[in-house]
Amino acid sequence: MVSVLRKLLLTGLVLGGLASATPSIAAEVQQVGREAYLKALKGKKVIFVPISQGFDLNQAWVTVWQRHAQRYGFTLEVRDPNMNTEAGIRALTGAIAEKPDLLIVQNPDVQTYARQLKQAQEAGIPVLQVNMQSATQTDSYVGNDWIEMGELAKACAKGKGPSTKVVWLAGVETGAANIYMRQGINEVLAANPDLQLVSDQAANYDSDKARQITATVLQQHPDLCGVMGIWDNAEVGAGAAVAAAGKTGQVTIVTNGAGSQTGCDSIKKGLLTVVYNFHADIQGEIAAGQISELLQGNRKAAAVKDVFFGPVTRVDKNNATGRNCWTLDELK
């Protein structure tokens, strides 16, 4: 009996000791780096200068970043020049004067903002470029490998269509996406000498202009095999021209897109054949990680220059659904 009582007493002392120790142990537990991370982001100021917030990919990015900002306590301000490069220069100049903790820029072309980006870096402001690069490289770029995207030309290689005639619908010819994507197209043209580039014009991201160009080319080349474009919202105009000419199913329309439901709907309607989806929602998350990295201030502006290429998915009528077709409500 004495032995049993002694065991019970010892058990009680041990359990009591553990119970009394648990709160102090819990109070001492802290996830490594968490406190410093939260402190580094809280109260910081981020300014984003896009080409225009009228594009679905811009809306996706900002939706993701605003969620990130609310979670960690920094502010995100969008200074939208709405496709006006002079307004964009003013927005960047004003932002630099405010000395934000981070500047995010979507460049209209490779040169327009080059001087301002250099000024920002010299002022010690970290700069993240998204999807459209400048000739001035900054702390980080998150976006597409546009030369890889230029391989869209392969859709009309010899034996794959009614002819080897293709059209290239550029966006803005001085834009980084166009310059690099055209380089990828040139590489495919060199490797496939049978391909014939019968039209090389800029639609300026305008669906009506894309429709007009495509309609004219179809009159000149009724056996056209394919239309290559850079932006699905513009190439729906090309699709409309193909449909009006009774060539749906003959002319392959291949383009790029941010992966929105709108692009998937255009595929289902037969206005687009293939969209190489660069997943603006995932790009936004990758960029959010870079925002966190740059706001922590662990390196001087321009000390390291990172490049992050996001994933790309080939989307056609067979997989134009689910994760390949996001809506803004789903990203909030």
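Residues are classed here as nonpolar (Ala, Val, Leu, Ile, Met, Phe, Trp, Tyr, Cys and Pro), as charged (Asp, Glu, Lys and Arg) or, for the others, with Gly among them, as polar. In the present structure, which is a predicted model, the lining of the largest pocket comprises by this division four nonpolar, seven polar and two charged residues. This pocket holds about 270 Å³ of space, and of the 13 residues that line it, Gly249, Gly270, Leu272, Thr273 and Lys317 lie nearest its centre.

For the second largest pocket, the volume comes to about 190 Å³. Its lining is made up of 17 residues, and those nearest the centre are Asp101, Pro126, Leu294, Leu295 and Gly297. Helix α11 contributes the most to this lining, with three residues, while the division by class gives seven nonpolar, four polar and six charged residues.

Enclosed space was examined in addition to the open pockets. Rolling a probe the size of a water molecule over the atoms reveals where empty space remains. In this model, three cavities of 30 Å³ or more were found, and the largest of them contains about 140 Å³ of space. The residues around the largest cavity are Ile51, Phe55, Leu57, Gln106, Asn131, Met132, Trp146, Ala177, Tyr205, Ile230, Trp231 and Phe278; 10 of the lining residues are nonpolar and two are polar, and none is charged.

The second largest cavity, with about 50 Å³ of space, is bordered by Asp232, Gly259, Ser260, Gly263, Cys264, Ile267, Val275, Asn277, Val315 and Asn324. Its lining consists of four nonpolar, five polar and one charged residue. At least two lining residues are supplied by each of α10 (261-268) and β10 (274-277), and the largest share, three residues, is that of α10.

Two residues of the largest cavity's lining, Asn131 and Phe278, also appear in the surroundings of Gln283, a residue of helix α11 (residues 280-295). When neighbours within four places in sequence are left aside, Gln283 is in contact with Trp61, Asn131, Val142, Gly143, Asn144 and Phe278. The relative accessible area of Gln283 is 2%, which is why this residue is classed as buried, the cut-off for that class being under 20%. Between Gln283 and Val130 the C-alpha to C-alpha distance is 8.5 Å, although 153 residues separate the two in sequence.

Terms used:
Residues numbered from 1 in each chain as written. Predicted model: local features only at pLDDT ≥ 70, side-chain atom pairs only at ≥ 80, totals over all residues. Heavy atoms only, no water. 1 Å grid on protein atoms, 1.4 Å probe; cavity = no way out; pocket = protein on both sides within 12 Å on 5 of 7 lines; lining within 4 Å. Points joined across faces, edges and corners; volume = space filled by probe spheres on them. Helix = DSSP H or I, 4+ residues; strand = E, 2+ residues; numbered from the N terminus. Buried < 20%, exposed > 50% of the residue type's maximum accessible area, 1.4 Å probe, protein only. Contact = heavy atoms within 4.5 Å.
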